[in-house]
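These are my notebook entries on one structure. I record below what I looked up, entry by entry.

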Amino acid sequence: MKKYIILLLPIIFLSACIPDPVEIEIPQAETRLVLASQLLFNQGVLVQVSKSFNALTETPTNGDTVEQDFLDLLLVDSARVVLEGPNIQDTLLNLEQGFYLNLGTELLENEIYRLSVFDSATGLSVFAQTEVLERAEFNSVAYRFREQSIDFQDTVFKDTSFDLFISFDDLEGDNYYMLNLYRISQDGSPQPAENLFTLNQGQPTFTFTDALLSGETFFDTLSYSGIGFGDTVGVALSHISKEYYEFLNARQRSGSSIFAALLGEPVNYPSNVEGGYGFFNLYFPSTEVIVAE
Amino acid sequence: MKTRLHSLLLLLLWSSSGLWAQNFTISGHVQDAESGEALLGSAVMVLPGKKGVYTNNYGFFSLTLPKGKYQLLSSFIGYETDTQTVILDQNRPLEIKLKAVGTQVEEVVISAAKEAYANEVKSPQMSSINLQMKNLKLVPTIGGEVDIMKVIQLLPGVTKGGEGTTSILVRGGDPDQNLILLDEAVVYNVSHLFGFFSVFNPDALKDLTIIKGGFPGQYGGRLSSVLDINMNEGNLKSYHVKGGIGLLSSRLTVEGPIVKEKASFSLSGRRTYIDQVLGLINVPVPYYFYDVNAKANVKLGDKDRIFWSAYLGDDVLYTPDLEDQGDPNDTSGVGDLNAGFGFRLGNLTSTLRWNHLFSERLFSNTSLIFNRFKYDITGNVLNNSIFIGSSVLDLSLKSDFGFYRNPEQTIRFGGQYIRHRFRPNVISAQGDISQIIENSEVNNIFADEIAIYGQYDWQMTENLKIAGGLRISGAVVPKRVYASPEPRFSAVYTLDDKNSFKAGYALMRQYLHLVSSSTVALPTDLWYPVTADVKPQTAHQVAASYTHHFEKINSLLTVESYYKWMYNLTEYREGANLILNNNFESELLQGDGRSYGFELLLKRDEGRINGWIGYTLSFSQRFFEELNEGKPFWAKYDRRHDLSVVTIWKATDQISISAVYTYLSGARFTPQVGQYLTPNPSLTGVETIPIFAERNSTRLTAANRVDLNLVFANKPRKKFRSEWHFSCYNLLNSPTPIRVNLTFDPERGYVYEQPSFLGRLPSIAWNFEF
């Protein structure tokens with residue numbers, strides 16, 4: 001028996017291995033139209049129309065920007081985009097690069113507007129509607145710089161945090177808000193204009209709900225370490241729909257934790273576009289500009 | 001006249017006393033002749049006709065019969081059948097000692113198994129499988145030591161979570177719906193090494209029973225299964241030592257009498273030692289786990305017996321202080337981080353049991369049970385440190401009674417009270433980090449569970465036996481009291497000695513759930529009670545089966561079908577973050593589910609060639625309003641086909657060969673099937689948004705696997721017995737997909753690939769016993 005054992009020992013230790021991964025084919029989602037929109041200071045609406053694409057396609061970039069050839073495949077320039085509402089029925093002007101514009105129409109608060117899109121090249125169509133929500137206004141915007149230090153091996157490392165104090169009056173009903181920070185200039189030099197197709201380089205965004213708000217005025221302190229002395233900062237407050245708030249939160253939650261990425265269930269993002277993806281939003285941002293001195 | 005009256009009274013008295021006194025009781029225990037250990041579930045039958053009873057969880061039986069002369073036949077799988085004649089003219093105690101049979105006496109083995117199978121055909125208990133540890137030790141394993149959770153995964157109706165893990169999912173249920181009892185104490189966490197090993201040291205165990213449906217009244221608190229595991233009591237007659245040395249761990253068990261024939265003990269320990277071995281050559285593997293099982297019992301006269309058993313096991317991860325691991329020439333001190341990380345998680349259980357015979361026919365057991373599961377995570381860097389701890393602790397009192405009225409009727413009743421204390425997410429941070437991480441206070445949450453039950457087993461006719469019962473359970477949690485009746489019913493109709501039909505119904509309720517979104521055992525998994533808003537999970541299950549005893553091949557076939565409706569199941573919101581989340585209730589969703597399926601088990605427990613074939617066809621769906629757009633979706637571990645073939649061939653007295661073949665449909669997952677670009681919220685660029693398919697709409701590829709085990713034993717009849725185990729897990733290195741990755745191929749771009757967790761994994765172990 002010892003012979004068997006001696007013979008088997010090296011075989012045992014040398015034979016361990018792991019199988020090669022097995023490929024699997026997974027049917028891809030059909031291509032659909034993707035909508036995005038923005039009110040232009042309540043003097044018009046800009047709508048962007050694009051197409052969804054295969055999960056196995058990597059978004060090609062040139063530096064930080066999505067490659068134009070790839071954009072040409074995605075952006076839809078052959079669509080008929082119609083905006084309808086109590087004071088408008090307009091086929092939007094095709095600006096190319098997937099943008100469609102209505103200019104000179106003041107959209108009315110608390111009214112519902114509908115958007116119909118038909119792409120003659122693909123035969124795809126989508127429909128969306130949204131309400132123009134009442135505008136939220138800042139009561140106050142203030143800031144301070146706060147120094148933080150960490151003592152590490154007799155060396156003190158210092159960092160400066162930018163604290164933003166905001167307050168605004170909560171509007172009636174259940175409301176959802178979004179606040180965006182923009183660094184307009186750094187050390188007195190204007191920031192270069194951002195390319196609209198820069199990939200994954202968003203500015204800080206914060207969301208709020210008034211569900212837990214006890215008073216009528218919303219106070220909050222936001223900390224951000226990307227702002228330095230002398231920077232000019234833009235702050236935009238928007239009153240957004242519940243669906244868009246849930247979309248933003250889903251986005252934050254799915255990427256907020258390594259555990260969520262490894263073990264959590266995938267998140268399917270909400271959309272208010274019937275038959276497509278994205279969001280048809282019509283909200284007025286209130287803006288303030290501060291020079292952080 | 002006076003004399004006549006006296007004579008008449010005497011006659012009446014005699015006849016009436018005779019009417020009552022004609023019934024006498026034979027009661028006692030069935031035990032292993034060599035060790036004195038109780039044999040649970042062995043049959044004691046009266047010949048001819050074979051009406052009789054089965055021993056309870058302590059090996060006790062009681063037969064009340066009219067005065068007369070009887071032949072009693074006692075049988076148990078793996079033991080020689082015992083037949084003895086009893087003259088019943090008074091209540092008689094009887095201790096039945098069965099001799100274990102060896103493979104060399106094939107005819108005796110077959111005969112014993114035949115009796116056992118004939119009894120199983122007649123038992124109303126369905127959806128239940130009993131496994132004796134001594135029969136499992138040849139099943140191929142990882143590391144040369146049998147893992148009972150992985151053996152259970154080979155049974156029909158039971159599937160596993162991920163490949164290589166010890167989690168079990170029974171009849172379409174969830175991982176937290178299994179009541180796992182070790183000597184009646186709940187084991188909350190059955191895993192070591194993130195689920196790779198189970199906490200059960202095989203040398204410390206005697207047998208186990210898994211019940212998947214037709215639940216008897218004494219069990220409750222989980223929806224899908226009961227896994228009742230019994231530890232060795234300890235040899236009452238002589239001292240024995242057994243153990244094993246494997247690649248990953250070693251184990252040692254000592255057992256023997258404290259007072260011969262009256263008191264005994266069993267003490268087992270197991271520890272991984274790869275940290276110690278590689279530490280000798282300065283390769284740090286800062287992880288180990290250990291288990292300690294202890295049990296003792298003492299007979300206090302003829303009517304009382306006390307058992308005490310305990311289990312302690314921990315997983316320990318510790319990073320050594322990094323202070324001395326930097327570059328020795330570096331004088332900057334930058335490498336001196338004073339950093340460390342570690343966790344310790346594990347179970348502690350203790351059970352004190354008192355068997356008492358109120359009479360020959362009324363048996364009772366009262367248990368005082370303590371169990372605790374906790375995890376502690378610690379970390380430190382520089383002058384900062386953090387401690388995170390969670391625990392669940394139960395104290396339980398349980399009493400069970402069995403009244404053996406006659407061979408046709410048994411009444412069981414009892415009750416249980418459990419006091420739970422949950423202490424979730426205690427966080428304590430020191431140093432600068434405390435400015436960022438908020439300390440949380442020790443917040444105890446108490447919950448009380450109460451249950452009473454009664455069950456009546458009745459042989460109604462020669463062919464029909466029923467077991468009907470009612471369990472009333474309840475839970476008291478802050479701001480809410482829950483209570484519910486749980487009816488149980490099962491019946492067997494025997495066509496003849498070889499064929500029977502069985503049917504059963506059970507309503508089960510569950511007042512605890514696991515806060516986890518994964519079947520991987522994480523140190524942060526925590527149990528939590530129902531609350532005023534989170535309702536108890538409930539399941540109705542019906543099952544029907546047909547059992548056939550193939551006498552010629554000494555095998556038992558069971559085909560069974562079930563349908564289960566489940567309510568208030570728990571899932572978590574998409575993207576929920578459960579790690580250190582004290583407000584996880586806001587992430588929890590409740591919905592319904594249903595599962596149904598068909599199971600087949602053909603087993604042969606004894607003989608030179610034995611094993612089983614198990615096949616399951618199953619379907620499991622979920623309905624949650626807030627998931628999958630409110631549409632029904634398949635459960636994650638809805639595995640359509642599950643086939644296991646386990647074969648053990650005792651080729652000679654010294655050589656055994658065993659093999660396992662499994663075919664398992666892949667688990668389900670939600671793939672990304674598209675994407676789109678959309679402006680980011682600040683409108684300063686675009687971001688990519690993934691598009692996922694419907695929840696759990698796609699399957700991983702099915703897996704085939706062959707495991708092999710060769711055992712070379714020394715010559716039998718030697719006092720020192722030793723065995724070499726050469727095992728190979730996944731002999732053919734077949735793919736066993738565990739997830740889907742998006743992988744970039746330079747020629748074809750991105751492709752979906754399914755990596756495997758384990759491939760061919762050989763191991764060697766040496767086991768001994770004397």
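**Entry 1. A four-stranded sheet in chain B**

I began with an open sheet of four strands in chain B, whose order is β3-β2-β5-β6 and whose pairing is antiparallel. I note here that the model is a predicted one. At the edges of this sheet I found β3 (51-54) and β6 (82-88) of chain B; each has a single partner strand, so one side of each is left without a neighbour in the sheet. On average, neighbouring strands of the sheet are turned by 25 degrees against each other, direction ignored.

I then looked up how β3(B) is held to its partner. Strand β2 (residues 43-47) of chain B runs antiparallel to β3(B), and four bridges join the two. Within this pair, V44(B) has V53(B) of β3(B) as its bridge partner.

**Entry 2. Confidence**

For the complex, I read an ipTM of 0.88 and a pTM of 0.85 from the predictor. Chain B has an average pLDDT of 85, and 90% of its residues score at least 70. I marked residues 8-20 of chain B, where the pLDDT is below 50 and where the model shows zero contacts beyond near neighbours in sequence. I also marked residues 322-328 of chain B: the pLDDT is again below 50, but this stretch has eight contacts beyond near neighbours in sequence.

**Entry 3. The two chains in outline**

I tabulated the totals for each chain.

| Item | Chain A | Chain B |
|---|---|---|
| Residues | 293 | 770 |
| Buried | 30% | 47% |
| Helices | four | five |
| Strands | 21 | 47 |
| Share of contacts (residues at least 6 apart in sequence) that join residues at least 24 apart | 69% | 64% |

**Entry 4. A five-stranded sheet in chain B**

I next examined an open sheet with mixed pairing, in which five strands of chain B follow the order β8-β15-β16-β11-β12. Its edge strands are β8 (128-132) and β12 (185-186) of chain B, each of which pairs on one side only. Inside the sheet, I followed β15 (residues 205-211) and β16 (residues 225-231) of chain B, which pair in the antiparallel sense over six bridges. In this pair I210(B) stands opposite L227(B) of β16(B).

**Entry 5. Nonpolar cores**

Which residues touch the most other members of the largest nonpolar core? I found I148(B), V151(B), I152(B), L181(B), V187(B), L205(B) and L227(B), out of 79 residues in that core. L227(B) is thus both a member of this group and the residue opposite I210(B). A second, separate core has 65 residues, among them A29(A), A55(A), V117(A) and L133(A).

I looked up V187(B) separately. Leaving aside neighbours within four places in sequence, V187(B) is in contact with I180(B), L182(B), V199(B), N347(B) and T349(B).

**Entry 6. Two positive phi values**

I checked two residues of chain B for their backbone angles. Most residues other than glycine have a negative phi. S127(B), although not a glycine, has a positive phi of about 55 degrees. E629(B), likewise a residue other than glycine, has a positive phi near 55 degrees.

I then asked of each: buried or exposed? S127(B) has 26 other C-beta atoms within 10 Å and is therefore buried, the cut-off being 20 or more. E629(B) has 11 C-beta neighbours inside 10 Å and so counts as exposed, the cut-off being 12 or fewer. As for their places, S127(B) is in the loop between α2 (106-122) and β8 of chain B, whereas E629(B) is in the loop between β35 (609-623) and β36 (633-634) of chain B.

**Entry 7. P66(B)**

I located P66(B) in strand β4 (residues 60-66) of chain B. P66(B) counts as exposed because it has 10 C-beta neighbours inside 10 Å. Not counting residues up to four places away in sequence, P66(B) touches Q22(B) and N23(B). I also took the separation of P66(B) from A703(B): 637 residues in sequence, and 58 Å in space from C-alpha to C-alpha.

**Entry 8. Strands from residue 703 onward**

A703(B) led me to strand β43 (residues 703-713) of chain B, which runs antiparallel to strand β44 (residues 721-729) of chain B and is joined to it by six bridges. N709(B) stands opposite S727(B) of β44(B). Nine bridges join β44(B) to strand β47 (residues 761-769) of chain B, again in the antiparallel sense. Here E723(B) stands opposite N767(B) of β47(B).

Notes: Residues numbered from 1 in each chain as written. Chains lettered and ligands numbered in written order. Predicted model: local features only at pLDDT ≥ 70, side-chain atom pairs only at ≥ 80, totals over all residues. Pairing = 2+ DSSP bridges. Core = buried A, V, L, I, M, F, W, Y, C linked by C-beta atoms within 7 Å. Contact = placed C-beta atoms within 7 Å. pLDDT = per-residue confidence, 0-100. Axes fitted to C-alpha atoms, helices over the stretch in contact; angles between N-to-C directions.
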